[in-house]
Amino acid sequence: MIERNFDVAFVAGLALREKQIQQNYRPIIAVHKWFARRPGTLFRALLLSEFATSPLRDAFYRSNNLAGRLVADPFMGGGTPLLEANRIGCDVVGYDINPMAYWIVREEIEHIDLPKYREAALRLRKELGTRIGHLYKTQCRACGFAEADVKYFLWVKVQPCPRCSTNVDLFPGYLLAENRRHPRNVVVCAICGELNEIRALENAEVCSSCKEPLVLDGPAKKNRCLCSCGAALRYPDPKIGPPRHRLFAIEYHCTRCRNSHQGRFFKKPDEGDVAKTIEAAEMREGMRSDFIPDDEIPRGDETDRLHRWGYRRYAEMFNPRQLIGLHQICELVVQEPCDRIRRALATNLSDLVRYQNMLCRYDTMALKSLDIFSVHGYPVGLIQCESNLLGISDDRTETSVGSGGWSNIAEKYARAKDYCERPFEVRDSAWQKARIYTSGEWIGDGLYFVKTDRS
Ligand SMILES: C[S@@+](CC[C@H](N)C(=O)[O-])C[C@H]1O[C@@H](n2cnc3c(N)ncnc32)[C@H](O)[C@@H]1O
Ligand SMILES: [Zn+2]
Ligand SMILES: [Zn+2]
Ligand SMILES: [Zn+2]
């Protein structure tokens, strides 16, 4: 029983390692974001020390069958205790006052036909490509290829100057990318907006285009920004409505010249890119959508920050291209005839929304998008990152390039559901990490075609 068998030293090590990269230990968490996911290894250890007959260190890496036991969680949240209990054969009952918890736990436990899901997710992405794929293409600056895939659009907040009315860019700094994942630092020219690739930040350099000196510090500091006319403007200013943005940089992926190119691809937007932004805005103007809610943002500890930035309705947190894309996904999801697959696609859409809004930021070191929930509490930045909504498939590795797109979410979901059929533990030792499949265990609501010796 738990008082005797729970092995604190063993379990603390497991939980600590899991919390560092939870995804590698419990891929099931990728079914959908849930805040405060507890370590699955901890609950597996709790259950096995209570119910298993062999010492915890042995039972943990073996297949267990505790059929006949019933585990209930009246506040199930993301479902960790229930999933761990279900995996070792217990019957489970869960409750939660939050309908999202119910939806997510059902998605986690309910079986899905994986090949059929993969096909449906791919079909949806293809159709999305036909409808709006062109809005995510750009011309490669290195080789001229016109169909390079945009990974990220980078936007800076702009606000009109109270004295001269010009739109002022609220740049906190001009360093766009550090030289860790890319051979050089990428610096935006404060004068002409050109992107400059420089080796060392300490050396004063001039812009390759306008020859003016490059600077790293931006004009926006502590809620104040100087306009070139000398006037100071204050931000945020909720009286002028939700924030407005200007596209100032693009990170893209060129399949034509990636083999001869070093590092990532960056460009200052050209006329074609600006034209696509305008096209998206016009499409949005002409689109009537029952899928886009016009709900007001209620007052609350976290949402007050949104109000201070002038946001009144949730829909204002998205740019036109994001709204068109999310609307198109809704249209395609409702057309899916199979209930189970439709629910999975709707779950994917819901998870995708956290990457498809104008509160996402760009990690200048890791060079990827940070979703709206990467910090708990709607952090509004001055630079925002819009990810490619479709996601970019790399034909060589069959995985996605970049983050925050449909293909990324669908891949993660498929991996999560695959783990339900073939769960494993990771045994860490000083020199290696080994995956140990606990064949005979599975997570689900029925047997389907999973091979198991469980009765
Ligand atoms: C901390 S989470 C529980 C997580 C889960 N038991 C675990 O260990 O991973 C608490 C959950 O309780 C739910 N909750 C709060 N009040 C509730 C109530 N009166 N009835 C049902 N659920 C409730 C919340 O919605 C939340 O999802
Ligand atoms: Zn190219
Ligand atoms: Zn001014
Ligand atoms: Zn310049």
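This is a short tour of a predicted model, from the whole chain to one sheet and then to a ligand. Residues are numbered from 1 along each chain as its sequence is written, while chains are lettered from A and ligands numbered from 1 in the order in which they are written. Because the model is predicted, local features need pLDDT of at least 70 and side-chain atom pairs count only at pLDDT 80 or more, whereas totals for chains, interfaces and linings use all residues.

Begin with the whole protein, whose C-alpha atoms fill a box of roughly 75 × 50 × 45 Å along the principal axes. Coloured by secondary structure, the protein has 13 helices and 20 strands, these being DSSP runs numbered from the N terminus (helices H or I, at least four residues; strands E, at least two). Of its 455 residues, 36% count as buried, meaning that 20 or more other C-beta atoms, placed from the backbone, lie within 10 Å of the residue's own.

Next, select residues 175-177 and 195-198, which are β6 and β8, the edge strands, each pairing on one side only. They belong to an open, antiparallel sheet of 3 strands in the order β6-β7-β8, where pairing requires at least two DSSP bridges between two strands. Adding β7 (residues 185-188) shows the strand that 4 bridges join to β8; within this pair, Val 188 has Leu 195 as its bridge partner.

Finally, select ligand 1 and the 14 residues that surround it, the closest being Phe 75, Gly 77, Thr 80, Ile 97 and Asn 98; a residue is included if its C-beta atom, placed from the backbone, lies within 6 Å.

Note on methods:
A residue is buried if 20 or more other C-beta atoms lie within 10 Å of its own, exposed if 12 or fewer, and partly exposed in between; C-beta atoms are placed from the backbone.
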